[in-house]
Amino acid sequence: MLLADFGTTYCKILDTEQDAAPRILPSRELPPDFRADLATGHNARHRSKQALNELIALARGGRRLVREESFVLLDCGSRDLKFVRFAKGRVADMGWNTECGASMGFTVELLAAYYHLDYATMRVPQGGFSVTCGVLGMSQIFDAVVAGASEEDAVACFVRGIARNAWRFAGNPDRLHLSGGLCDNPLFLACLPCEVQPLGRFVLLEGLKECLPDDPSSLQ
Amino acid sequence: MPERVGIVGVPPLEIIARLNREGAEIVDLDEPQVQESLGRTATLVPQVYCAILRTVVLNALHLHLDRVFVDVGPGKCNGALHIADTLADLLSVPILCTENRDHRPFGFPLCTTAMPLVDRFVRITKSVQSAAPHEARPPCKALCGFWGVPPRDFSVLKPFPPQTHVFGWTRCMENKTPADLDLERHCDPHLPTVFFTQSFCAKSALAWRLGRQHPQALVIDCDVSPSNSARAKIEAFLALSGVPLADDHASG
């Protein structure tokens, strides 16, 4: 069965019968006729036989991967944030921010490409920008550079700002489990003001595995 | 020719009863009555403002009304008080402000019976136009709760199963006691509950407070229509709480 997490900029794909591990493909390189059996993500309805709500996929994936009764799971995507909080094994709270203040992975990746930065070698800034809006946050980078800051330091302040936003959006937890591509960004991880357990990019695929039908032909 | 009377909020029963006796046609201005863009109100009301009150102004711009009753005060909101002034500027008919403090309970059978949620909201909002007692209906065992005002766009209600109990100001509305804050505060901590407000509504503070105290709550606000993420949050909250979605809503 073909499972897919159709992210805005990257697709995570798993053929449960052939792949040992999921594949990652830039969304722009996905063939136009590609269809999954069961999928989640922004394009899931158009590209799959059955689509699963992203928050449900996240929650079910979290339950599968985290052996705890109470925890917070935050997914930082290309352009949005999602979180689910479990308390005593039950979903107690959740949220999904698709607004400008959620400015996330895509922006972080664009900045690294434009300024030729490596997030693995960047210092964690002491302070950061207040990024209530992605566009205004970018302006703060430009302003800081004009004021004499290095491009690296200015971008680091931006990343710290969105990391703090993400943490606050998840309810200021002391500890959180992180999902999504930013798990691979050491600067972002270091800017989160709490204990972080990175779970990687395939949490939503794990959630899809929880929803596999007994009879694959039931998918239409 | 019967008089055509607009209402905003829930005017006192005495006024509704009088309008019923006079055979007046009552038009609920809180609900969309015309197929026009809310953008048409942009020169009269801030765009960052309650979508229901913007709808009131939009309706008033396009409907021929003989009188308008605007309920203001604890049974509605200060926003309506100020919109009453806007209506007075716009229209050459009497704009009559009321403060509904009715406390005789009519009951809320629709809030607790089993029926598609959209249908119940249509009936509850329609019931404001009548002073007649409610038809008795058997209560059902609730699977989840919806707390809040009738939304500007009822499509937000579609994922909820028929066994959803309704709380908040909608229950006050059916009970014909719109200023009963104790009833408005009431919710069931044993039911997964969605606390809903219109964006930019003062009631959002109450929704947040009740939602924080509730062990299984989703607090959500919508402006004109629910965004995809708002719909997804509701569907996910219900599904992950073990509540079956309405028949035409898959878990995706």
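Biologist: How do strand 7 and strand 8 of chain A pair, parallel or antiparallel, and over how many bridges?

Modeller: Strands of a sheet pair through backbone hydrogen bonds, and the sense can be parallel or antiparallel. Please keep in mind that this is a predicted model. Here, strand 7 (residues 81–87) of chain A runs antiparallel to strand 8 of chain A, with seven bridges between them. To find your place, look for A:Phe86, which stands opposite A:Val91 in strand 8 of chain A.

Biologist: Which sheet do these strands belong to, and what is its strand order?

Modeller: They are part of an open sheet of five strands in chain A, ordered 8-7-6-9-10, and its pairing is mixed. Strand 8 (90–97) and strand 10 (195–200) of chain A are the edge strands, each pairing on one side only. From one strand to the next, the twist averages 20°.

Biologist: What are the partners of strand 6 of chain A?

Modeller: Let's take them one by one. With strand 7 of chain A, strand 6 of chain A pairs in the antiparallel sense over six bridges. A:Leu73 has A:Val84 in strand 7 of chain A as its bridge partner, and a hairpin through four residues joins strand 6 of chain A to strand 7 of chain A. With strand 9 (residues 175–179) of chain A, strand 6 of chain A pairs in the parallel sense over three bridges. There, A:Leu74 has A:Leu178 as its bridge partner.

Biologist: Why is strand 6 of chain A described as largely enclosed by the rest of the structure?

Modeller: Count neighbours: a residue is called buried if 20 or more other C-beta atoms lie within 10 Å of its own. Five of the six residues of strand 6 of chain A are buried, so this strand is largely enclosed by the rest of the structure.

Biologist: Which strands does helix 5 of chain A lie across?

Modeller: Helix 5 (residues 151–169) of chain A lies across strand 6 (71–76), strand 7 and strand 8 of chain A. Relative to strand 7 of chain A, helix 5 of chain A runs at about 40°.

Biologist: What is the order of the sheet that contains strand 4 and strand 5 of chain A?

Modeller: Its order is 3-2-1-4-5 in chain A, an open sheet of five strands with mixed pairing. Strand 3 (23–26) and strand 5 (48–51) of chain A are its edge strands, and the twist averages 30° from one strand to the next. Strand 4 (residues 36–41) of chain A runs parallel to strand 5 of chain A, joined by three bridges. A:Ala36 stands opposite A:Ser48 in that pairing. Helix 7 (residues 203–210) of chain A packs on the sheet, touching strand 1 (2–6), strand 2 (10–15) and strand 4 of chain A. The direction of helix 7 makes about 140° with that of strand 1 of chain A.

Biologist: Now chain B. Where do the buried residues of helix 3 of chain B lie around its axis?

Modeller: An α-helix has 3.6 residues a turn, so residues three or four places apart point the same way. In helix 3 of chain B, the buried residues are B:Gly79, B:Ala80, B:Ile83, B:Ala84 and B:Leu87. They cover an arc of only 145° around the axis, which puts them on the same side of helix 3 of chain B. On the other side, B:Asn78, B:Asp85 and B:Asp89 are exposed. The cover over the buried residues includes strand 1 (4–8), helix 2 (51–62), strand 3 (67–71) and strand 4 (95–98) of chain B.

Biologist: How many residues of helix 2 of chain B are buried?

Modeller: Nine of the 12 are buried, so helix 2 of chain B is largely enclosed by the rest of the structure. Among them are B:Ile52, B:Val56 and B:Leu58. The buried residues pack against strand 1, helix 3 and strand 7 (193–198) of chain B.

Biologist: What does B:Val34 touch?

Modeller: Leaving out residues up to four places away in sequence, B:Val34 touches B:Leu58, B:Asn59, B:His62 and B:Leu63. B:Val34 lies in the loop between strand 2 (25–28) and helix 2 of chain B. With 13 other C-beta atoms within 10 Å, B:Val34 is partly exposed.

Biologist: Last one: how many residues of chain B are in contact with chain A?

Modeller: There are 14 residues of chain B in contact with 14 residues of chain A. Helix 9 (residues 228–240) of chain B gives the largest share of the chain B side, eight residues. By class, that side has seven nonpolar, five polar and two charged residues.

Definitions and conventions
Residues are numbered from 1 along each chain as its sequence is written. Chains are lettered from A and ligands numbered from 1 in the order in which they are written. This is a predicted model: local features need pLDDT of at least 70, side-chain atom pairs count only at pLDDT 80 or more; totals for chains, interfaces and linings use all residues. Two strands pair if DSSP finds at least two bridges between them. Helices (H or I, at least four residues) and strands (E, at least two) are DSSP runs, numbered from the N terminus. Axes are lines fitted to C-alpha atoms, for helices over the stretch in contact, and angles run from 0 to 180 degrees between N-to-C directions. Two residues are in contact if their C-beta atoms, placed from the backbone, lie within 7 Å. The arc is that of the directions from the helix axis to the C-beta atoms. Ala, Val, Leu, Ile, Met, Phe, Trp, Tyr, Cys and Pro count as nonpolar, Asp, Glu, Lys and Arg as charged, and the others, Gly among them, as polar.
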